[in-house]
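Notebook open, structure loaded. I'm jotting down what I look up as I go, starting with the ligand.

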Amino acid sequence: MQGSAGVPLCDVQAQYRELEEPLREAVERVLRSGQVILGPEVEALEEEIARYCGAGYGIGCSSGSDALLLALAALGVGPADEVILPPFTFFACVGAVCRLGARPVFADIDPWTCNIDPAQVEGKITERTKAIMAVHLYGQCAEMEPLWRIAERWQLPIVEDAAQAIGAEYHGKRAGTLGAIACFSFYPTKNLGALGDAGMVVTSDPDWAEHMRCLRAHGMAPRYYHKYMGWNARLDALQAAMLRVKLSHLDRWTTARQQAALRYDAFIEEQHLAHFLQRPTVRPNRRHVFNQYVVRVARGQRDALVRHFKHEKIGCEIYYPVPLHLQECLHHLGHKEGDFPVSEEAARSVLALPMFPEITVDQQRRVIQSVAAFQRQETRLAA
Ligand SMILES: Cc1ncc(COP(=O)(O)O)c(C=O)c1O
């Protein structure tokens with residue numbers, strides 16, 4: 001789509017073009033080493049990511065989804081347990097809970113940030129509650145202070161889903177140090193993206209770290225002696241080597257995302273669209289890393305705007321169109337429409353605009369001018 005009048009939602013090849021040489025060198029280093037699963041590249045990445053977050057240990061794994069499974073399994077989540085989580089997030093969150101045989105218990109979200117609303121959490125705690133999952137959606141940390149108070153009062157661990165939030169901060173503390181265990185995804189469109197699937201769990205607790213290291217390799221310790229019921233969630237050396245190259249550029253890319261977000265804010269204001277496109281809310285004392293720039297589209301016009309963008313070759317995405325409590329495979333939980341109204345309203349109105357570090361001012365201007373044209377056309381039709 002590059003070079004045409006369109007604007008992609010994300011351009012994963014831009015980083016490849018920028019870093020072609022060091023990425024090729026990293027691949028060759030792995031080819032020459034002969035160690036392609038786990039090994040020194042993975043260990044080095046684990047150490048570098050843990051340091052980047054300010055945490056004690058990193059355990060590389062095959063994806064962000066497996067990171068969530070490892071974290072919950074290490075905390076002992078199993079059948080008959082309950083885990084509290086928001087219904088407005090990616091499916092992997094609830095998938096991990098259900099895969100372990102536990103019951104997901106939803107707590108609705110804050111309408112401004114789309115993160116879990118701490119005021120909804122305490123009322124959901126029962127004697128079966130085993131953990132609280134805080135998802136840092138779109139790249140902004142959840143409201144942790146009240147969650148910490150609840151967690152302490154009830155002696156419950158918090159699992160951070162930081163898949164979209166590497167480098168995000170809450171009152172100066174990095175995602176990865178805000179709960180018992182944090183889960184990262186290196187899916188290619190994430191702020192730190194691999195060239196395939198990859199993920200990591202981060203913790204400062206040596207026992208949980210050891211447990212997760214063991215679980216990711218079939219619970220084996222030592223070789224062929226299986227201490228736990230684990231599975232294969234290992235990380236490839238090739239992905240680790242390439243992620244190490246990219247990690248040294250992450251802060252520069254994050255700054256570029258933040259600048260692009262500010263430009264979108266300004267263009268929306270300039271085009272008098274603030275009443276139509278509600279800009280993302282950034283809470284004070286947060287470092288929002290803008291994995292996504294997500295607006296709320298007014299007056300039920302989100303889906304018409306999506307069709308307009310498609311026609312104009314402008315990338316956009318709905319994260320997420322169906323809240324978890326209304327997903328078909330979770331029908332057995334017995335939820336119905338209206339149970340989590342804030343999540344349901346978000347699912348009807350959110351829209352992610354093109355966002356990647358290399359996005360140009362012209363591309364962003366084109367996106368917002370296209371929204372302005374859509375709105376003029378809608379106003380004419382309504383008159
Ligand atoms: C919030 C959230 N949690 C978990 C995941 C799962 O990560 P992965 O795709 O690496 O399995 C993702 C990635 O899409 C995500 O956005």
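**Ligand shell.** I started with the ligand and found 15 residues around it, the closest being Ser-63, Gly-64, Ser-65, Ala-163 and Ser-185. I then asked which elements give two or more residues to this shell, and got α4 (64-74) and α5 (91-99). By class I have six nonpolar, seven polar and two charged residues in the shell. Note to self: this is a predicted model.

**Domains.** I looked up the domain assignment next: domain 1 covers 13-247 and domain 2 covers 250-382. Their C-alpha centres are 25 Å apart. The contact draws 31 residues from domain 1 and 29 residues from domain 2. On the side of domain 1 that touches domain 2, I find α5, β6 (169-170) and α8 each giving two or more residues. I sorted the residues of that side by class and got 19 nonpolar, eight polar and four charged. So α5 turns up in my notes twice, in the ligand shell and on the side of domain 1 that touches domain 2.

**Seven-stranded sheet.** I traced an open sheet of seven strands, in the order β1-β9-β8-β5-β4-β2-β3, with mixed pairing. β1 (57-61) and β3 (103-106) are the edge strands, each paired on one side only. Ignoring direction, neighbouring strands here are turned by 25° against each other on average. I zoomed in on β5 (residues 158-161) and β8 (residues 181-185): the two run parallel and are joined by three bridges. Glu-160 sits opposite Ala-182 of β8.

Then I checked what packs on this sheet. Helix α3 (residues 40-53) does, touching β1 and β9 (199-203), and its direction makes about 130° with that of β1. α5 packs on the sheet too, touching β2 (82-85), β3, β4 (129-135) and β5, with its direction at about 175° to that of β2.

**Helix pair α2 and α8.** How do these two helices cross? The axes of α2 (residues 20-33) and α8 (residues 237-247) come within 9 Å and cross at roughly 145°. I noted the crossing as right-handed. From α2 the contact uses Pro-22, Leu-23, Ala-26, Val-27, Arg-29 and Val-30, and from α8 it uses Ala-237, Leu-238, Ala-241, Met-242, Arg-244 and Val-245. That gives 10 nonpolar, no polar and two charged residues.

**Three-stranded sheet.** I also found an open sheet in the order β10-β12-β13, with antiparallel pairing. β10 (277-278) and β13 (350-353) are at the edges with a single partner strand each, so one side of each has no neighbour in the sheet. Two bridges pair β10 with β12 (residues 293-297) in the antiparallel sense, and I have Gln-278 bridged to Arg-296 of β12.

**Backbone oddities.** Before scanning the backbone I reminded myself that most residues other than glycine have a negative phi, and most peptide bonds are trans. Which residues does a cis peptide bond join? One such bond joins Ala-221 and Pro-222, with omega about -10°; Pro-222 is in the loop between α7 (206-215) and α8. Another cis bond joins Tyr-319 and Tyr-320, with omega about 15°. I placed Tyr-320 in the loop between α10 (302-311) and α11 (341-349). Last entry: Gln-155, not a glycine, has a positive phi near 55°, and I find Gln-155 in the loop between α6 (144-154) and β5.

Conventions. Residues numbered from 1 in each chain as written. Predicted model: local features only at pLDDT ≥ 70, side-chain atom pairs only at ≥ 80, totals over all residues. Pairing = 2+ DSSP bridges. Helix = DSSP H or I, 4+ residues; strand = E, 2+ residues; numbered from the N terminus. Near = placed C-beta within 6 Å. Nonpolar A, V, L, I, M, F, W, Y, C, P; charged D, E, K, R; others polar. Axes fitted to C-alpha atoms, helices over the stretch in contact; angles between N-to-C directions. Left-handed = near helix turned anticlockwise from the far one by under 90°. Contact = placed C-beta atoms within 7 Å. Domains from an automatic or database assignment.
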